[in-house]
Amino acid sequence: MDAVIRTEGVSKVFNAGLADEVRAIAAVSIEIPRGRITVFKGPSGSGKTTLLGLIGCMSRPTEGKIFVEGKDVAKLPERFLTNVRRKTFGFIFQHFNLIRGLTVRENVMLPLYPTDIDGRQMERRMEEILDKLDLTAKRAVKVEKLSGGQQQRVAIARAMINEPAVILADEPTAHLDTKLSEDFLNIVTTLNIDGKTIVIATHDPLIYDKPYIDNIIEMRDGAVKETAPL
Ligand SMILES: Nc1ncnc2c1ncn2[C@@H]1O[C@H](COP(=O)(O)OP(=O)(O)O)[C@@H](O)[C@H]1O
Ligand SMILES: [Mg+2]
């Protein structure tokens, strides 16, 4: 299998040695196949967000190895880790984390700072993405003025602006009605057809029950319960 990401015996302990020590992830070995949609499924507290943060180079494992494009990132110095994160991943957060008071354009541009990409290239990329997500007319509008569906598309646009190979989404439909959840899935499916690898952490059956979502990694108490056959 061509895996974009592979983990080997990864564990994450929070508050190590303290009374409130939590082993959020325990000995997880998984592979994220390139070009597919993978879902981390499991109840609240099962470790989905922690695992997403680990593979997305947002945090480091307590034990184990994480290979991104074949390279072990677990012990990389901070600035190299930041580089891998910026180059490889786009993030869609649980509450979208859009910044009020900033326009659509300003929110979408956030992952590009600081960066060495030149202004004109950035403009072109921005235009393309806004067009693709039907946001061109809203480019100068402050995000708090947008509808839920538009805000969702801004979050997706922001995850795409650095042209990542992998998009990571944490409970993307948790605060959306059925129609918007379906819209989200349609957009993500289109991105996947265009070649993006997608990883979604969710406990929403509307996502993991879709027949075309065929790579499900089930989490329970920080461990992988079972992996659907590829
Ligand atoms: N920063 C943190 N500090 C301490 N405990 C944490 C932290 N993040 C997550 N946890 C704990 O780790 C476990 C897994 O949490 P999480 O990864 O958020 O699960 P999920 O996303 O499946 O709901 C939970 O017991 C949670 O309370
Ligand atoms: Mg979570």
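Two elements, β2 (22-28) and α1 (48-55), each contribute at least two residues to the shell around ligand 1. The model is predicted. Of the elements that supply this shell, α1 gives the most, with 3 residues. The full set of surrounding residues is F14, N15, V22, A24, P43, S44, G45, S46, G47, K48, T49 and T50.

Oxygen atoms of ligand 1 lie at short listed distances from N or O atoms of the protein. For T50, an N or O atom in the side chain is 2.5 Å from a ligand 1 oxygen. For G45, the atom belongs to the backbone, and the distance to an oxygen of ligand 1 is 2.6 Å. For T49, a side-chain N or O atom is 2.8 Å from an oxygen atom of ligand 1. On its own, ligand 1 has 560 Å² of accessible area, and the protein covers 62% of that area.T173 occupies the loop between β8 (166-170) and α6 (178-193). Its relative accessibility is 4%. T173 therefore counts as buried, the cut-off being under 20%. The T173 side chain makes a polar contact with the side chain of D204, at 2.6 Å. Beyond its neighbours within four places in sequence, T173 is in contact with S181, F184, T202, D204 and I207. D204 thus appears both as a polar partner of T173 and among its contacts.

A second loop residue, A74, is placed between β6 (71-72) and α2 (78-88). A74 has a relative accessible area of 10%. A74 is buried because this value falls under 20%. With neighbours within four places in sequence set aside, the contacts of A74 are R60, P61, G64, K65 and I66. The C-alpha atom of A74 is separated from that of L98 by 29 Å. Along the chain, A74 and L98 are 24 residues apart.

I99 lies in the loop between β7 (89-92) and α3 (104-109). The relative accessibility of I99 is 38%. I99 is partly exposed because this value lies between the 20% and 50% cut-offs. Together with L110 and Y113, I99 makes a nonpolar surface patch. The area of this patch is about 270 Å². Residues in such patches have over 30% relative accessible area, and the 38% of I99 is the value computed here.

Terms used. Residues numbered from 1 in each chain as written. Chains lettered and ligands numbered in written order. Predicted model: local features only at pLDDT ≥ 70, side-chain atom pairs only at ≥ 80, totals over all residues. Heavy atoms only, no water. Patch = residues over 30% accessible without salt bridge, like charges linked within 9 Å, V, L, I, M, F, W, Y side chains within 5 Å. Areas by Shrake-Rupley, 256 points an atom, 1.4 Å probe, with all protein chains shown as cover. Salt bridge = Lys/Arg side-chain N within 4 Å of Asp/Glu carboxyl O. Helix = DSSP H or I, 4+ residues; strand = E, 2+ residues; numbered from the N terminus. Buried < 20%, exposed > 50% of the residue type's maximum accessible area, 1.4 Å probe, protein only. Contact = heavy atoms within 4.5 Å. Near = heavy atom within 4 Å. Polar contact = N/O pair within 3.5 Å; in protein donor to acceptor, adjacent residues only side chain to side chain.
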